[in-house]
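Me: Please take a close look at the places where parts of this model meet. I should like one connected account, with the criteria stated.

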Amino acid sequence: MFPVAIKENIYWVGAIDWNIRDFHGYSTYKGTTYNAYLILDEKITLVDTVKYPFRGELLNNIRQLIDPAKIDYLIVNHVEMDHAGSIQEVVNLVKPEKIFCSAMGHKTMLAYNFPADYPYEVVKTGQTISLGKKTVQFIETRMLHWPDSMFSYLPQDKLLISSDAFGEHWATNERFDDQVDMAELMAHAAKYYANILLLYSPLVQKLLADVQQMGLDIDMIAPDHGLIWRSNPQAIIQAYDRWSRQETAQKAVVIYDTMWHSTEKMAHAIVEGLTRENISTRLMSLKANHRSEIMTEVLDAKAIICGSSTLNNNMLPTMADILTYMKGLKPVDRIAAAFGSYGWSGEAVGQINQYLEEMKFTLASPGIKVLYGPSAADLQQCLELGRQIGRQIKEQ
Amino acid sequence: MKKYVCSVCGFVYDPAKGDPENNIPPGTPFENLPDTWVCPVCGASKDQFEAE
């Protein structure tokens with residue numbers, strides 16, 4: 001690639017990872033980008049780096065603008081290795097005068113075994129540095145999504161460099177929101193929120209309020225992954241407001257795994273019940289869908305219905321996987337139910353219920369257990385459960 | 001009663017408010033929180049808190 005001007009004297013100098021398909025357990029079926037930004041001013045400043053294998057692309061982009069040795073400052077908004085992985089290479093080459101990071105960023109870099117004698121300069125929320133004509137204001141965003149995370153805001157350019165917030169995993173050679181399909185862009189952003197940020201929704205609400213109170217004038221949001229919000233920054237801010245309030249639609253997700261199709265037949269009957277109540281429903285087999293795809297559908301679903309057969313006195317491992325993952329991401333205020341077939345002991349439904357209760361979901365039913373294969377009456381009961389949940393969704 | 005700050009994420013435990021979501025009633029001093037209590041924001045353990 002080549003550097004892309006995003007504002008006067010500010011360039012995207014990151015890298016595109018077209019081939020990554022598993023991002024620490026998040027399915028990135030269309031790859032991602034690692035965005036880094038170079039600010040040309042009296043103090044030349046690099047904001048974040050890229051994942052280690054892409055350091056050549058980063059440096060090549062910088063070289064097309066300036067000799068990297070001329071970089072004065074490095075700003076580290078986030079220490080996760082997809083952004084900080086090339087810092088040591090960059091520092092060796094650039095020998096920056098200062099490395100700006102949050103207090104937690106400093107701690108995290110040391111814990112990642114970065115040299116202690118780097119010229120770290122710890123900054124706090126509201127603190128401003130001058131680069132010459134431009135200034136940078138820092139906003140700590142602890143736990144969005146690591147303790148070290150922070151934003152860098154450039155008031156003269158009305159530019160918010162937002163680290164991992166407002167980003168999405170999508171490899172494109174377009175750099176701006178208005179160059180791609182908006183619906184697809186929002187779908188990738190929703191997936192990112194559901195799988196990375198959902199559990200910190202109360203903090204997102206607080207951050208949005210704080211940003212409003214600080215009166216930041218923002219006309220561009222440049223995240224560390226995916227597209228830069230040039231034409232529609234308000235669209236992603238409004239979406240984050242909606243998602244962090246955990247607003248749901250009249251929608252259900254039926255998640256299941258099955259051994260000999262008995263639990264699957266039950267799942268289909270539940271979906272039929274929901275469909276008869278005109279509830280938008282997604283049937284998601286754990287064999288066909290990655291956990292991060294399921295979580296994306298959970299983001300705006302009011303009802304979450306989980307089915308598993310019993311194997312060796314336990315729920316199926318795939319169901320334990322999605323429930324562990326979902327519980328960590330903390331969806332709240334959902335209607336839920338469990339179902340499943342069994343041969344002799346039938347523990348799965350009770351185990352699923354335990355997870356659903358731990359997540360403080362409202363159980364619509366004690367669960368439906370079916371011995372070996374569902375009879376016509378069993379399937380009717382499943383259909384009725386679907387209808388009942390459908391009515392409960394509509395009442396809310 | 002003293003407030004305590006999570007050294008990981010900055011969450012402030014205010015004894016006056018307690019942590020009702022996790023069954024800690026208002027008025028519970030930090031010292032009386034069970035050892036199994038964790039930061040409601042980031043999950044850090046009690047020993048990672050410092051007096052404000």
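**Interfaces of the predicted model**

Reply: Between chain A and chain B, the rule finds zero salt bridges across the interface, a salt bridge being a side-chain nitrogen of Lys or Arg within 4 Å of a carboxyl oxygen of Asp or Glu. The model is predicted, so local features need pLDDT of at least 70 and side-chain atom pairs count only at pLDDT 80 or more, while totals for chains, interfaces and linings use all residues; side-chain values use heavy atoms, with hydrogens and water left out. Residues are numbered from 1 along each chain as its sequence is written, and chains are lettered from A and ligands numbered from 1 in the order in which they are written.

The contact between the chains (heavy atoms within 4.5 Å) takes nine residues from chain A and nine residues from chain B. Chain A and chain B also show zero residue pairs in polar contact, counting pairs with both residues at pLDDT 80 or more; such a contact is a pair of N or O atoms within 3.5 Å, where within protein one must be able to donate a hydrogen and the other to accept it, and residues adjacent in sequence count only if both atoms are side-chain atoms. The area buried between the two chains is about 580 Å², with 52% given by carbon and sulfur atoms; buried area is the accessible area (1.4 Å probe) that two parts lose on being put together, summed over both. On the side of chain A that touches chain B, five residues are nonpolar, none polar and four charged, where Ala, Val, Leu, Ile, Met, Phe, Trp, Tyr, Cys and Pro count as nonpolar, Asp, Glu, Lys and Arg as charged, and the others, Gly among them, as polar.

Within chain A there is a further interface. The chain is divided into domain 1 (4-244) and domain 2 (253-395), with bounds from an automatic or database domain assignment. The C-alpha centres of these two domains of chain A lie 38 Å apart, and their contact takes 13 residues from domain 1 and twelve residues from domain 2. About 1100 Å² is buried between domain 1 and domain 2 of chain A, and carbon and sulfur atoms give 59% of that. In domain 1 of chain A, the residues that lose the most area to domain 2 are A:Asn195, A:Leu198 and A:Leu199, together 47% of what that side buries.

Polar features are found here too. One salt bridge crosses the interface of the two domains of chain A. The side chains of A:Lys191 and A:Glu293 meet in a salt bridge at 2.7 Å, N to O. Eight residue pairs are in polar contact between domain 1 and domain 2 of chain A, both residues at pLDDT 80 or more. On the side of domain 1 that touches domain 2, strand E5 (26-27) and helix H5 (182-197) of chain A each supply at least two residues; helices (H or I, at least four residues) and strands (E, at least two) are DSSP runs, numbered from the N terminus. H5(A) gives the largest share of that side of domain 1, six residues. By class, the same side of domain 1 of chain A has nine nonpolar, three polar and one charged residues.

Over all chains, the count comes to 23 salt bridges. Among them, A:Asp210 pairs with A:Lys206, the closest N and O atoms being 3.5 Å apart. Because A:Asp210 and A:Lys206 are four residues apart in helix H6 (residues 201-214) of chain A, about one helical turn separates them.
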